[in-house]
Amino acid sequence: MESRIAAIAILVETPDSVEALNALLHDYAPYVLGRMGIPDRSRGVNVICLALDAPMDVVNALSGKLGRLPGVSAKAVTPKIKQGDNTK
């Protein structure tokens, strides 16, 4: 299956879900290009941004599993054009 670049934005509002979230990210580590975390203590929310290189079914599976964790929201974004295609 064709690998694509994707990003997943994750908002964590429930600290109890962090262990399960990190376990999922560990399971998908071969696809992760980078991870950035930003804690917003004043609002009680942590923001995590993931950059992935993975088939779309993997991106969708990870995003879905993350979004099913209590107090966690996740949204995947992919390019509108196919990589390597310079036409729009």
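**View 1. Asp40 and Val45 at the hairpin of strands 2 and 3.** Asp40 has Val45 of strand 3 as its bridge partner. This is a predicted model, so please keep that in mind while browsing the views. Strands 2 and 3 form a hairpin, with four residues between the two strands. Within the turn, Gly44 shows a positive phi of about 70°. Follow the hairpin away from the turn and you will find strand 2 and strand 3 paired in the antiparallel sense, over eight bridges.

**View 2. The chain as a whole.** Welcome to the wider setting for the close-ups. The chain contains two helices and four strands, and reading along the sequence gives the pattern β-α-β-β-α-β. Its C-alpha trace spans about 45 × 25 × 20 Å along the principal axes. The chain has 88 residues, of which 26% count as buried. Among contacts with a separation of 6 or more, 67% come from residues 24 or more positions apart. The accessible surface comes to about 5,800 Å², and carbon and sulfur atoms contribute 55% of that area. As for charge, there are 10 positive and 9 negative side chains, and the centres of the two sets lie 7 Å apart.

**View 3. The open sheet of four strands.** The strands are arranged in the order 2-3-1-4, and their pairing is antiparallel. At the edges sit strand 2 (32–40) and strand 4 (72–77), each of which pairs on one side only. From one strand to the next, the twist averages 15°. Helix 2 (residues 56–67) packs on this sheet and touches strand 1, strand 3 and strand 4. The direction of helix 2 makes about 160° with that of strand 3.

**View 4. Strand 1 and its partners on either side.** Strand 1 (residues 3–12) pairs with strand 3 (residues 45–55) in the antiparallel sense, and ten bridges join the two. Three positions help you keep your bearings along this pairing. Arg4 stands opposite Ala54 of strand 3, Ala7 stands opposite Ala51 of strand 3, and Ile8 has Leu50 of strand 3 as its bridge partner. Strand 1 also pairs with strand 4, again in the antiparallel sense, over six bridges. On that side, look for Leu11, which stands opposite Ser73 in strand 4.

**View 5. Two faces of strand 1.** Which side chains of strand 1 point to the buried face? They are Arg4, Ala6, Ile8, Ile10 and Val12. Ser3, Ile5, Ala7, Ala9 and Leu11 point to the other face and are not buried. The side chains thus alternate along the strand, and the next two views take one residue from each face.

**View 6. Ala6, a buried residue of strand 1.** Ala6 lies in strand 1. Its relative accessible area is 5%, so Ala6 counts as buried, the cut-off being under 20%. Leaving aside neighbours within four places in sequence, Ala6 is in contact with Leu50, Ala51, Leu52, Val59, Val77 and Thr78. Leu50 is 44 residues away from Ala6 along the chain, yet the C-alpha atoms of the pair are separated by 8.2 Å.

**View 7. Ala7, next along strand 1.** Ala7 also has its place in strand 1. Is Ala7 buried or partly exposed? With a relative accessible area of 34%, Ala7 is partly exposed, because that class runs between the 20% and 50% cut-offs. Not counting residues up to four places away in sequence, Ala7 touches Leu50, Lys75, Ala76 and Val77. You can also pick out Met56, 49 residues from Ala7 along the chain, with 11 Å between the C-alpha atoms of the two.

**View 8. Ser63 of helix 2.** To finish, step over to helix 2, where Ser63 is found. Why does Ser63 count as buried? Its relative accessibility is 12%, and buried means under 20%. Beyond residues up to four places away in sequence, Ser63 touches Ile8, Ala74, Lys75 and Ala76. One of these, Ile8, points to the buried face of strand 1, and Ile8 is also the residue whose bridge partner in strand 3 is Leu50.

How values were computed:
Residues are numbered from 1 along each chain as its sequence is written. This is a predicted model: local features need pLDDT of at least 70, side-chain atom pairs count only at pLDDT 80 or more; totals for chains, interfaces and linings use all residues. Side-chain values use heavy atoms; hydrogens and water are left out. Two strands pair if DSSP finds at least two bridges between them. Axes are lines fitted to C-alpha atoms, for helices over the stretch in contact, and angles run from 0 to 180 degrees between N-to-C directions. Contact means heavy atoms within 4.5 Å. Buried means under 20% relative accessible area, exposed over 50%, partly exposed in between (1.4 Å probe, protein chains only). Accessible areas come from the Shrake-Rupley method with a 1.4 Å probe; for residues, only the protein chains shown count as cover. Lys and Arg count as positive and Asp and Glu as negative; His and the chain ends are not counted. The place of a charge is taken as NZ of Lys, CZ of Arg, CG of Asp or CD of Glu.
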